[in-house]
Structure formats: C-alpha cells, structure tokens
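The following account leads the reader through a model of two chains, from a detail of strand pairing to the contact between the chains. The sequence and structure are shown first.

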Amino acid sequence: MDWWFPHSSGRHLALSRMVIVGALLVFFFPSLTDLKTNLAYHDQFMEPQMVVAWTSSWLGGGLPTTTTLTAVYAVALLSGILTLVGFMTRPSALVLSLSYWWLVAFRYSFGDVHHPPVPTIIFLLLIPLTPCNRHFSLDAWLRRRRGVGSLAPTSMATWPLRLMQVVLALIYFDSAMSKLTIGGLEWMNGHTLQANLLHAGVTRDWPLALTVVPHLGLCKALSVGTILFEGLFFTVLFHRRLVPFWLSAGVAFHLGLVVLRRGDLGFLAWVVMYVVFLRLDRWTVREP
Amino acid sequence: MRSSFSWLPLALAHAVIVLVVALMLSAFLPGNVLVGRGDDEFLYPFINFPMFANSRRVDQVEATRVTFELTTRSGESIDTSFHWHERYGLQGIVFHRRFVRPLVRHPQPTLRDLATWVSRGRPEDPVVFARVTLQAVRLEDGELVEHEPRIHTARLKSVRS
C-alpha cells in the first residue's frame, strides 16, 4: 500500500502532467493535414479500432466528415492547452484524453498501427482521476487567491505515476519476451539486426544504417543490449538506485533507434514519460 | 456527504490499477481477444508489442531499393522522397503490402493501380507516367552488394479516380 499510496504533496504528479502534456502539444500532436488526407483518399476504414467503430456506429456508420474531424481536433488542442496550464484541470484532462485517444485510433484505423502514443494515452486516461491540479496550475493559483490555506499531503497523487512505471516495465518486458518466444535466441545472432538495418537503410534512404550493417559483431552487441534492456528494465521498480542506470539506458536505446534506423520520432515520447520515475516531489520552487 | 464517500477515490484507484495491469498482462496470453496487433478490432492503446520479433539468418539479409518516378499530365514530377506515400493516405505497412511487394511479380498493373490511387486526390492533374526502379541489395561475404536494377514503366493515357 505504501508503494502505491504514499503521502505526497502532489508536485511530482503536477510536473509530470505539465511535461507530458507540454511535450505532446509541442512535439507529438498529430497533424490535422495528415488526418484529413486519410478522409480524402479512403471511402471507408480499413481496420477500424474499437473506439472508432463505436463512435462511427453512433454517427450512422462510415467515415466522419471533415468538419467532425476538425472539431474533435480543435477540442483536443484546446483541452490540451487548458490541461497544460491547469485551468479546470481534471475536466480538461478528461476531454483531452478522450479526444486524443479518438484521434490516434482514427489515424490507426487505416491499416497501420504503431506504438509511440501508447504510454501517453494511458497516462492521459489516468490523470482526470487524480489530484493533478494541486500545484503548478491556474486552479491552484485561483484557490490561493481565494485564501484557501495550504493543502495537506495526499495519498492519491502517486498511484498514477507508479502505474505508469509498471506499464512501461510491462511494455518493455513484453517486447523482450516477444522476441525470445517468436524469434528465439537467434534473434540476437546479429543477422536479424543486420536485416532490419538494411531494410531501414534502403527503404528510408538512410546511409548511416547501411554503414553499420556489415559489422556483425556490433550488430550482435546491439541485439544483446536490446534484449537485456527490454527484459530487465522492470528491475527499476524494485531498486531505486537503478533508476539513473535504466533511464540512461532507455534514452540511449530510443535515441539509438531514431538515429540508426531513421526511426519514428514519436518513440521519444517514451523518454518524456520517464519523468514519472524522477523524484520531483521535493520540488521547492516558489509557485506564483 | 463528503465523509460518506471518502473511500471512493481510493476504491476507484484500486479498480483502475487492477484493470490497467490486467489489460497489459493479457497481452502475454495466447489467443487473447481484447488486445492484439493486426486483429480486425482491438482496444488501442492496449496492444501487443512484438516489435520486430522475427529472427533472420545470414542469407536473409537483403532488401529491395524501390524508387518511384511519377509525372502528372501537366508535367509536374511528384516528390517521392522519404515517406512520400503518407501524403496520399497510404501508411507504411499498407503501402508496402498493397504496392511495393506486388511490384516484383506484377509491375505493370501495380504501377497503374498506384497511379490511379495517387490521382484520386488530384483528378484535375492525374498521373500519366509512372516508373519504378527495383534494385536488390544483399549482404554477401560481409559486404553489401547492389545488384543490377530492374526498371518498369507504365504510361497512362487517362486515369479515372
């Protein structure tokens, strides 16, 4: 119980809200043009996800109109800004989580699904249930202006951070187990990574990937490192001292994927999510 | 009233923790119905994470460089650089499954299909010429070897969307 529900000020949760939502709005928010392009070229969804299929059936079936898509996008953007600055924080976070979830589900209903938005969506779905507005928010500022005294520590501000830690650990562990159960130990033979990098280098016109391909020893080492990182990251949950090591390894892992494979920049959102592991609750900056 | 329901946030938090962890763990179970990747329906973001799980042998280290040239009726040359297909509503896996892989066996009809697809969003200036260059790149004795390219061309008098 102490691990999930320790008493805290709630500053860590509030800062995590700001960092993750801020990064989402600035770096990782989907492009409206890209979303509209799907409507221009498709007559129907290819593989509609549950969320999209549900809303589509409520709206009479078929694709949404451009107006509907633009409206959802505007709502997501506005609620994102309100969540970031902390005005009507919890209702805003609820609207942001649902609208952003729908936009991502819409984008991935045309035959291609990717993982980068996963941790962000789960985090956004959690924070409306939490006191994420106790600090670093307009809500808190207005509360202080009304003369409400300082808030007592709460036991409800840490569990979403802990849950995100568990979610990240499970995702990495699942990735390692998939490789070992589907690909076997051969996954680390070096040739698997050579083939992957060759494909990335050729299809993405990325010379850096091609320069690594001939080096079998390096590819073996990177493969073993990947399995060790993904398979053992969960130990961060049990040993606080391992946090700097595993987070550094995670940053190197994701940056390595982006640089070596010309990979999806969206995976850097996972690095942003590492904020849930940092000890920010002792933050002492004076709030306005 | 406040004190009567003070247990609610804690109970809700417990329920959410159990639900989320259960959904994540279900990804480890074979034959799960709620989560999965590549299923017809699934509840994103609760999906499997195979992440390039298949292993390869040394004789499978190969790829095909596919270079497109598309020209429209007005003479405009369409930019087909990195991830160009996404500007035409084709996400990566779909693009490869529907157009790139069939090009090897059926280049002419596939090129026509591609030209037709790209023209859907620009009916006033459709694609009338399409060329693809396929070049195999293989790892042979530790060195990357680029094989002789194969070129296929398709001219389209008129393309209907």
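In this predicted model, Glu140(B) stands opposite Glu143(B) in β3(B). This pair belongs to the antiparallel pairing of β2(B) with strand β3 (residues 143–146) of chain B, which the model joins by four bridges. Two residues lie between the strands in the hairpin of β2(B) and β3(B), and one residue there, Asp141(B), takes a positive phi near 55°.

Strand β2(B) has further partners. With strand β1 (residues 62–72) of chain B, β2 (residues 127–140) of chain B runs antiparallel, and 11 bridges join the two. Within this pairing, Phe68(B) has Val132(B) in β2(B) as its bridge partner. Strand β4 (residues 150–155) of chain B also pairs with β2(B) in the antiparallel sense, over six bridges. Here Leu134(B) has its bridge partner, Arg150(B), in β4(B). In a regular strand, side chains alternate between the two faces of the sheet.

Chain A is built from other elements. It has 13 helices and zero strands, so that its pattern along the sequence is an unbroken series of α elements, α-α-α-α-α-α-α-α-α-α-α-α-α. Taken along the principal axes, the C-alpha atoms of chain A fill a box of roughly 65 × 55 × 30 Å. Of its 288 residues, 40% count as buried. Among the contacts in chain A with a separation of 6 or more, 78% are between residues 24 or more positions apart.

The chain is divided into two parts: domain 1 of chain A covers 7–146, and domain 2 of chain A covers 158–288. Their C-alpha centres lie 25 Å apart. To the contact between them, domain 1 of chain A brings 25 residues and domain 2 of chain A brings 21 residues. On the side of domain 1 of chain A that touches domain 2 of chain A, the elements that give two or more residues are α1, α6 and α7 (138–145) of chain A. Of these, α1(A) gives the most, with nine residues. By class, this side of domain 1 of chain A has 16 nonpolar, eight polar and one charged residues.

Helix α6(A), one of the elements on that side, merits a separate look. It is mostly covered, with eight of its nine residues buried. The buried residues are Val118(A), Pro119(A), Thr120(A), Ile122(A), Phe123(A), Leu124(A), Leu125(A) and Leu126(A). What covers them includes α1 (11–28), α5, α8 and α13 (268–273) of chain A, together with α1 (8–26) of chain B. The cover of α6(A) thus includes elements of both chains.

This leads to the contact between the chains. How many residues does each chain bring to the contact? Chain A gives 59 residues and chain B gives 49 residues. On the side of chain A that touches chain B, the elements giving two or more residues are α2 (32–41), α3 (50–58), α5 (89–107), α6 (118–126), α8 (159–183) and α9 (191–203) of chain A. The largest share of this side comes from α8(A), with 13 residues. By class, the side of chain A that touches chain B has 34 nonpolar, 17 polar and eight charged residues. Helix α6(A) therefore appears in both settings: among the elements on the side of domain 1 of chain A that touches domain 2 of chain A, and among those on the side of chain A that touches chain B.

Note on methods
Residues are numbered from 1 along each chain as its sequence is written. Chains are lettered from A and ligands numbered from 1 in the order in which they are written. This is a predicted model: local features need pLDDT of at least 70, side-chain atom pairs count only at pLDDT 80 or more; totals for chains, interfaces and linings use all residues. Two residues are in contact if their C-beta atoms, placed from the backbone, lie within 7 Å. Ala, Val, Leu, Ile, Met, Phe, Trp, Tyr, Cys and Pro count as nonpolar, Asp, Glu, Lys and Arg as charged, and the others, Gly among them, as polar. A residue is buried if 20 or more other C-beta atoms lie within 10 Å of its own, exposed if 12 or fewer, and partly exposed in between; C-beta atoms are placed from the backbone. Domain bounds come from an automatic or database domain assignment. Two strands pair if DSSP finds at least two bridges between them.
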